[in-house]
Amino acid sequence: MVKYKEDYYRLFHVHYQQYPDDCMENIYWLEKAVQADFCNPQFVDFKVVSEKQWEKYRYLFQMHLNLKLIEQHIRLGRIYDKYTIYFYDAPFKEQYLKNLDKCLSCYKAGLYYWKEAKLWYEKANAPSFYFLTITEKQGWEDERERIFTGELDYEKMLNREIKRVEKNIKQLNEMSEKY
């Protein structure tokens, strides 16, 4: 039975070739994971030895889930993205505008999850956790550290992509259909 965050997270998977349905399925499972309760600490995939470690694990897990949601929204947005607009795209203008609108909504959704991830990062990066590292979840600890150093900044990347997509939408809207 799928009931806890950890169960829903196990249903998340990345395909070699990711189609829109695959991204949406992953977003669904990750959303369910964000909303679900944590399982009992004794059923986590590593040995929890203290309440402090359990607390940090929960913060890191929430941060990680939100980062994965951002990645999935970026993947979904890239499927619909038109990176460069050419003069000969005029006959397909309406379809490109629909796709770019979908792309833009995906990137903007990623910004929401970035704010959520930052909130959980701040909790996981509290001074009380400075000398506590969950080595079994090193990837999550690395994500936390990369946010701390500024190396991982989805807000900067998403804002750049949103600006580019909005420019492409403007360019398409100004285009005449003479070609």
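I started with the exposed side of α6 in this predicted model. K156, K163, K167, K170 and E174 are exposed there.

Next I turned α6 over and listed what is buried: Y154, M157, L158, E161, I162, R164, V165, N168, I169 and L172. Looking down the axis of α6, I found these buried residues within an arc of 165 degrees, so they line one face of the helix. That fits the usual rule: an α-helix has 3.6 residues a turn, so residues three or four places apart point the same way.

What does the buried side of α6 pack against? I get α3 (51-80) and α4 (93-124).

I checked the length too. α6 runs over residues 154-174, and at 1.5 Å a residue its 21 residues should span 30 Å; the end C-alpha atoms are 30 Å apart, which agrees.

At the N-terminal end of α6 I found a cap: D153 puts a side-chain oxygen 3.2 Å from the backbone nitrogen of E155.

Then I looked at the core. The largest nonpolar one has 53 residues, and Y57, L67, I70, Y154 and L158 have the most contacts inside it. Two or more residues each come from α2 (20-35), α3, α4, α5 (138-149) and α6. I followed L158 further: leaving out residues up to four places away in sequence, L158 touches I70, I74, Y107, G110 and L111.

Last stop was D7, in helix α1 (residues 5-11). Its side chain reaches the backbone nitrogen of K3 at 3.2 Å. Beyond four places in sequence, D7 touches M1 and V2. I also noted W29, 22 residues from D7 in sequence, with the C-alpha atoms 9.4 Å apart.

Key. Residues numbered from 1 in each chain as written. Predicted model: local features only at pLDDT ≥ 70, side-chain atom pairs only at ≥ 80, totals over all residues. Heavy atoms only, no water. Helix = DSSP H or I, 4+ residues; strand = E, 2+ residues; numbered from the N terminus. Expected span 1.5 Å × (residues − 1). Buried < 20%, exposed > 50% of the residue type's maximum accessible area, 1.4 Å probe, protein only. Arc of directions from axis to C-beta. Contact = heavy atoms within 4.5 Å. Polar contact = N/O pair within 3.5 Å; in protein donor to acceptor, adjacent residues only side chain to side chain. Core = buried A, V, L, I, M, F, W, Y, C linked by side-chain atoms within 4.5 Å.
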